[in-house]
Amino acid sequence: MAEKTIVLPDMITVGDLATQLDIPVTKLIGELFKNGIMATVNQTIDFDTAQIIVEELGLEVDLEQQQEEPVITSKATRELGDDAVSRPPIVAVMGHVDHGKTSLLDAILNLKVVTGEAGGITQHISAYQTEHNDRTITFLDTPGHEAFSALRQHGAALTDVVVIVVAADDGVKPQTVEAIKFAQQANAKMIVAINKIDKPAADVNHTKQQLAEHNLTPEDWGGDTVIVEVSAKTKQGIDKLLDMILLVADIEELKADVSGAAEGLVIESHMETGRGPVVSVLVEHGYLEAGQFIVAGGANGKVRTLTDFRDKPLAKAGPSTPATVTGFKELPQFGDRFTIFKSEKEARSVASDSRQAHRGSSASLSMTSTELLTRMSKSAKQQQVNLIVKADVQGSLTSVTDSLRVIENEELDIRILGSGVGNISENDVRMAASSNAVIYGFNVTLPTSVKQLAAREKVSVRIFKVIYELIDDARDMLTSLLSPEVVETQIGSLEVKGVFRIQRDMVICGGKVLSGKVVPDLLARVKRGEEAIAEAQVHSVQREQQEVKEVFEGDMCGLQLKTRGKLLLEEGDTLEFFTRETKARAL
């Protein structure tokens with residue numbers, strides 16, 4: 001039975017926990033350090049981690065979690081009143097790399113988006129609007145590579161209709177299947193656009209067959225999936241695709257509340273010199289206007305400027321409208337919900353409460369109880385790899401760090417010591433130098449002074465413009481750190497029938513081959529019963545007093561074995577012959 005009970009909040013500093021437990025803070029820090037956590041007095045740990053550490057210390061204390069008042073945030077869904085109005089459909093365009101998603105949007109919007117993207121691959125979620133038959137449609141172009149699956153999943157959750165783009169000359173690919181699953185999870189209606197029908201290798205029927213195998217049976221085959229054949233190059237089928245999007249939207253009767261405060265989702269955020277935090281949002285309800293007090297997650301501010309996707313000023317942004325906002329005091333996180341408050345005081349208070357509630361995720365000691373238990377159970381031989389990650393926008397930063405964490409294994413422990421939005425700084429280089437870390441940059445620059453510092457400090461800085469190239473480079477770097485795999489191949493076995501000479505580093509013996517074969521230079525494991533007692537190497541093989549290259553099962557032969565030290569081989573021992581080689585491992 002525990003001597004006392006202590007009530008703790010969800011998060012507590014190391015110093016406060018030591019005071020509550022009535023133990024020296026150095027003892028607590030030492031225990032954390034022993035379990036792989038580099039803690040200081042002011043760093044924060046969660047309740048579950050505190051519980052694990054108390055058990056490790058063997059203290060007779062019961063910990064109880066303090067019940068906190070829920071933080072006031074905007075609702076994920078909003079009740080619609082009788083005065084709700086129709087809103088434009090929000091359409092996410094998804095599909096495999098190079099299947100023409102962005103080119104299709106270019107054709108619809110008359111833009112040239114893809115030319116500005118590294119390698120022609122969309123790197124961020126981008127939002128656009130177009131008019132068709134005097135009605136507005138909002139499009140979200142979602143990143144195409146699997147490393148951006150987190151962004152793409154958010155993209156599906158934002159939307160009413162998902163257009164799955166499949167190339168007629170390439171068919172259904174893994175990312176196509178992934179996009180279908182996301183759309184299904186988000187309960188969004190699906191329309192399939194079979195693109196590139198103008199290409200000589202196009203096979204529309206084969207593509208439809210593949211889609212039917214994933215429960216997307218075309219309407220003309222008796223199913224209920226709307227499939228439109230299009231060509232982004234010739235613009236064939238574009239009008240029909242837009243007609244079908246509006247038809248699906250009409251069936252869904254999409255509505256929004258415009259009587260209350262504006263709210264919606266952050267779809268991107270980054271820092272710009274002279275403008276500060278620049279945040280792309282998608283309005284779901286109400287009207288967003290300049291001068292309003294806005295909160296998104298733990299960030300708040302006053303809407304200073306409001307522009308559309310072409311960077312033209314907006315008087316107000318209504319439901320289903322993408323807009324770019326400046327005026328935030330700090331960067332909100334990708335996927336945060338935003339809402340509007342009547343006063344700066346109220347907005348600041350709600351943002352502060354939200355930061356407090358989620359401070360564990362941004363605390364400098366970023367380790368959950370699950371990670372702690374995992375670390376405690378890992379081998380002491382595990383190699384720690386320290387990384388610092390910088391990206392141009394918050395959504396990309398989230399995806400890069402998540403993708404890097406996925407490629408660690410039991411032997412390599414990836415620790416992301418620092419991450420942030422913006423260019424690589426001298427502080428990043430100094431942190432990397434002190435912790436032997438590699439700096440990865442995505443779509444950021446390396447100022448000359450910082451580059452010179454990195455060269456002096458011998459810090460590796462790797463900058464990429466295409467996400468999968470960054471992930472591949474990190475995988476290659478980590479693979480080079482893996483110890484090679486030792487592979488043994490069994491070749492044969494022999495029963496020792498006689499031992500003729502034993503010297504300090506050599507044994508001459510004879511026996512019968514029980515299985516396989518015996519050839520010179522093989523390794524031999526000496527077994528006495530079930531116990532392996534030594535290893536040797538076959539120097540030469542003899543049969544009928546003649547040296548031979550190999551002897552097979554059932555034959556009698558003589559062996560000269562090289563040994564490490566004196567090997568007291570006995571009659572009746574078994575020799576197992578094998579080869580041993582090292583093989584480079586891959587993550």
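## Helix α7 and its neighbours

The buried residues of α7 pack against three strands: β9 (161–167), β10 (189–195) and β11 (226–229). Keep in mind as you look around that this is a predicted model.

Which residues of α7 are buried? Within this helix, which spans residues 204–213, they are Val204, Thr207, Lys208, Gln210 and Leu211. They lie on the same side of α7 because they cover an arc of only 160° around the axis. Helix geometry helps here: an α-helix has 3.6 residues a turn, so residues three or four places apart point the same way. Turn to the other side of α7 and you will find Asn205 and Glu213 exposed. Just after the helix, Asn215 has a positive phi of about 65°.

## The largest nonpolar core

The largest nonpolar core has 26 residues. Those touching the most other members are Leu104, Ile108, Phe139, Ile191, Leu241 and Ile245. At least two residues of this core come from each of β6 (90–95), α4 (101–109), β8 (135–141), β9, β10, β11 and α8 (238–252). The largest share, seven residues, is supplied by α8.

Leu241 is a good place to zoom in. Leaving aside residues up to four places away in sequence, Leu241 touches Leu104, Ile108, Val163, Ile191, Ala193, Val228 and Val230.

## A separate core

Apart from the largest core lies another one, made of 24 residues. Its members include Leu331, Ile407, Phe464 and Leu470. As a general point, nonpolar side chains in soluble globular proteins tend to be buried together.

Key. Residues numbered from 1 in each chain as written. Predicted model: local features only at pLDDT ≥ 70, side-chain atom pairs only at ≥ 80, totals over all residues. Heavy atoms only, no water. Buried < 20%, exposed > 50% of the residue type's maximum accessible area, 1.4 Å probe, protein only. Helix = DSSP H or I, 4+ residues; strand = E, 2+ residues; numbered from the N terminus. Arc of directions from axis to C-beta. Contact = heavy atoms within 4.5 Å. Core = buried A, V, L, I, M, F, W, Y, C linked by side-chain atoms within 4.5 Å.
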